[in-house]
Amino acid sequence: MNEKKNDEIKLTIPNKPEYVSVVRLTVSSIANRMGFDVEQIEDIKIATAEACTNAITHGKCDVEESFDIKFIIDEGKLVISVFDNGKGCMINNIKKPDLINPKEGGLGIFIIKSLMDDVKITSDADKGTTIIMTKYVGEDT
Ligand SMILES: Nc1ncnc2c1ncn2[C@@H]1O[C@H](COP(=O)(O)OP(=O)(O)O)[C@@H](O)[C@H]1O
Ligand SMILES: [Mg+2]
């Protein structure tokens, strides 16, 4: 009954690459306040920027459009959701990158999964793509 509600911060960002740095600064400040260490903050910034870049470049690739980010400040964890209402993709068909013979690109989701503790991606041709990434404070992965 008396459950404490988590703090939430929501942003709507124009579909323009120059705004990714605004998100990086925002998430850095949120993570810093929550007590993440410098390395974890760096990981969170990289993962968040990759998710935003995907929303911009693969979602609705129209500069007149925008995408949304939600930060949930939970006890001991930060949950970051990036939503676009773009064209979506066959998320289950995305292959792991070949790290022996690396190609340019195709690393974003792999990087996000290696830097964050929990990652869920859903994609739908009508509704676009949502990526939900969780990082636990003080948990070194
Ligand atoms: N928000 C998105 N909307 C639509 N497709 C996406 C989205 N994010 C990722 N994808 C698909 O997943 C693929 C892999 O993404 P990623 O690992 O970041 O590599 P890259 O962005 O370099 O292609 C993309 O090429 C794209 O087809
Ligand atoms: Mg990418």
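Tutor: Let's start with a pocket: on a 1 Å grid over the protein atoms alone, an open set of points where a 1.4 Å probe fits, with protein on both sides within 12 Å along at least five of seven lines. A molecule sits in one if more than half of its atoms lie within 2 Å of its grid points. This is a predicted model, so local features need pLDDT of at least 70 and side-chain atom pairs 80 or more, while totals for chains, interfaces and linings use all residues. Residues count from 1 along each chain, chains are lettered from A and ligands numbered from 1 as written, and side-chain values use heavy atoms without hydrogens or water.

Student: Which pocket does ligand 1 take up?

Tutor: Look at the space taken by ligand 1. Around it are 14 residues (near means a heavy atom within 4 Å), with N54, H58, D84, G106 and I109 the closest. That space is the largest pocket.

Student: Which element gives the most to the shell around ligand 1?

Tutor: Two helices (DSSP runs of H or I, at least four residues) each supply at least two residues of the shell: α2 (38-59) and α3 (108-115). With four residues, the top contributor is α2.

Student: By class, how many charged residues does that shell have?

Tutor: Asp, Glu, Lys and Arg are the charged class, and Gly is counted as polar. The shell has eight polar residues and five nonpolar ones, and its charged count is one.

Student: How much of the accessible area of ligand 1 does the protein cover?

Tutor: Take the polar contacts (N or O pairs within 3.5 Å) to begin with. Oxygen atoms of the ligand lie 2.7 Å from a polar backbone atom of G106 and 3.2 Å from a backbone N or O of G108. A ligand nitrogen is 3.3 Å from a side-chain N or O of T129. Of the 530 Å² that ligand 1 has on its own (Shrake-Rupley, 1.4 Å probe), the protein covers 77%.

Student: How far is H58 from D84, C-alpha to C-alpha?

Tutor: H58 belongs to helix α2. At 47% relative accessible area H58 is partly exposed, because that class runs between buried (under 20%) and exposed (over 50%). D84 is 26 residues away along the chain, and the C-alpha separation is 9.4 Å.

Student: Is K135 buried or exposed?

Tutor: K135 is in β5 (128-136), a strand, which is a DSSP run of E with at least two residues. A polar side-chain atom of K135 is 2.6 Å from the backbone oxygen of L115. Its relative accessibility is just 1%, so K135 is buried.

Student: What separates the C-alpha atoms of T130 and I112?

Tutor: T130 is also found in strand β5, and at 18% relative accessibility it counts as buried. I112 is 18 residues away along the chain, and the separation is 13 Å.

Student: And how far apart in space are I72 and E104?

Tutor: I72 sits in strand β2 (66-74) and is buried at 17%. The two are 32 residues apart in sequence, and their C-alpha distance is 33 Å.

Definitions and conventions:
A polar contact is a pair of N or O atoms within 3.5 Å; within protein, one must be able to donate a hydrogen and the other to accept it, and residues adjacent in sequence count only if both atoms are side-chain atoms. On a 1 Å grid over the protein atoms alone, a cavity is a set of points where a 1.4 Å probe fits but cannot get out, and a pocket is an open set with protein on both sides within 12 Å along at least five of seven lines; lining residues have an atom within 4 Å of a point. Buried means under 20% relative accessible area, exposed over 50%, partly exposed in between (1.4 Å probe, protein chains only).
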